[in-house]
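The following exercises concern the fold, the sheet and the interior of one protein chain. Each task is followed by a solution that proceeds step by step.

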Amino acid sequence: MNIDVQQTPNPDTLKFVLGFELVQNGSIEFKSQSEAKEYPFVQKIFALGAELIFFGSNFISVKKNSSLEWGQILEEIKNIDLGYKQGELVLPILINFWERK
């Protein structure tokens with residue numbers, strides 16, 4: 001899977017742009033690992049040192065702990081399995097998130 005990593009104005013936040021739609025309407029934000037308890041891949045990102053994870057239509061923004069360097073966690077984040085398969089619904093867990101609201 002091709003992931004385009006983009007800088008943001010905040011040096012502790014990177015934007016991971018994916019080649020497919022993640023969220024059909026709006027956005028989803030996780031502010032803590034406890035908020036993501038039903039979402040294993042989001043928990044994995046928090047476990048690497050993320051402080052905030054934001055899902056937009058085709059991207060994930062990750063704000064890391066300021067004590068970490070991106071070099072320590074960047075490749076690990078890019079290699080987390082998102083459950084994507086070509087031609088299938090991308091992230092059914094995000095669809096489930098909206099159904100509960």
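**Exercise 1. Determine how many helices and strands the protein has, and in what pattern they follow one another along the sequence.**

Step 1. The model is a predicted one. The protein in it has three helices and five strands.

Step 2. Read along the sequence, these elements follow the pattern β-β-β-α-β-β-α-α.

Step 3. For the chain as a whole, 38% of the 101 residues are buried. The exposed surface amounts to about 6000 Å², of which carbon and sulfur atoms supply 47%.

Step 4. Among contacts with a separation of 6 or more, 54% are between residues 24 or more positions apart.

**Exercise 2. Establish the order of the strands in the sheet and identify which strands stand at its edges.**

Step 1. The five strands form an open sheet with the order S1-S2-S5-S4-S3 and antiparallel pairing.

Step 2. Strand S1 (3-7) and strand S3 (28-30) each have a single partner strand, so one side of each is left without a neighbour in the sheet. These two strands therefore stand at the edges.

Step 3. On average, neighbouring strands of this sheet are turned by 20 degrees against each other, direction ignored.

**Exercise 3. Trace the pairings across the sheet, and state which residues are bridge partners.**

Step 1. Begin with S1 and S2, which pair in the antiparallel sense over five bridges. A hairpin joins S1 to S2 through five residues, and Asp4 has Val17 in S2 as its bridge partner.

Step 2. Next, S2 pairs with S5, again antiparallel, over five bridges. Here Val17 has Phe59 in S5 as its bridge partner.

Step 3. Strand S4 (residues 50-55) and strand S5 (residues 59-64) run antiparallel and are joined by five bridges. Phe55 stands opposite Ile60 in S5, and the hairpin that joins S4 to S5 does so through three residues.

Step 4. Finally, S3 and S4 pair over three bridges in the antiparallel sense, with Phe30 opposite Ile53 in S4.

**Exercise 4. Describe which strands helix H2 touches, and explain why its buried residues line one face of the helix.**

Step 1. Helix H2 (residues 70-78) packs on the sheet and touches S1, strand S2 (13-18) and S5. The direction of H2 makes about 20 degrees with that of S2.

Step 2. Trp70, Ile73 and Ile77 are the buried residues of H2.

Step 3. Seen down the axis of H2, these buried residues fall within an arc of 95 degrees, and therefore they line one face of the helix.

Step 4. The cover over the buried residues of H2 includes S2 and S5.

Step 5. As for S2, five of its six residues are buried, so this strand is largely enclosed by the rest of the structure.

**Exercise 5. Decide whether Ser61 is buried or exposed, and list its contacts beyond its neighbours within four places in sequence.**

Step 1. Ser61 lies in strand S5.

Step 2. A residue counts as buried under 20% relative accessible area. Ser61 has a relative accessible area of 12%, so Ser61 is buried.

Step 3. Leaving aside its neighbours within four places in sequence, Ser61 is in contact with Thr13, Leu14, Lys15, Leu52, Ile53 and Phe54.

**Exercise 6. Determine which residues have the most contacts inside the largest nonpolar core, and which element gives the largest share of this core.**

Step 1. In soluble globular proteins, nonpolar side chains tend to be buried together.

Step 2. The largest nonpolar core here has 25 residues, and Phe30, Val42, Ile53, Phe55 and Val62 have the most contacts inside it.

Step 3. Two or more residues of this core come from each of S2, S3, H1, S4, S5 and H2. The largest share, four residues, comes from H1.

Step 4. Consider Val42: not counting residues up to four places away in sequence, Val42 touches Phe30, Ala36, Ile53 and Phe55. Of these contacts, Phe30 and Ile53 also stand opposite each other in the pairing of the strands.

Key
Residues are numbered from 1 along each chain as its sequence is written. This is a predicted model: local features need pLDDT of at least 70, side-chain atom pairs count only at pLDDT 80 or more; totals for chains, interfaces and linings use all residues. Side-chain values use heavy atoms; hydrogens and water are left out. Two strands pair if DSSP finds at least two bridges between them. Axes are lines fitted to C-alpha atoms, for helices over the stretch in contact, and angles run from 0 to 180 degrees between N-to-C directions. Contact means heavy atoms within 4.5 Å. Buried means under 20% relative accessible area, exposed over 50%, partly exposed in between (1.4 Å probe, protein chains only). Accessible areas come from the Shrake-Rupley method with a 1.4 Å probe; for residues, only the protein chains shown count as cover. The arc is that of the directions from the helix axis to the C-beta atoms. A nonpolar core is a set of buried Ala, Val, Leu, Ile, Met, Phe, Trp, Tyr and Cys residues joined through side-chain atoms within 4.5 Å.
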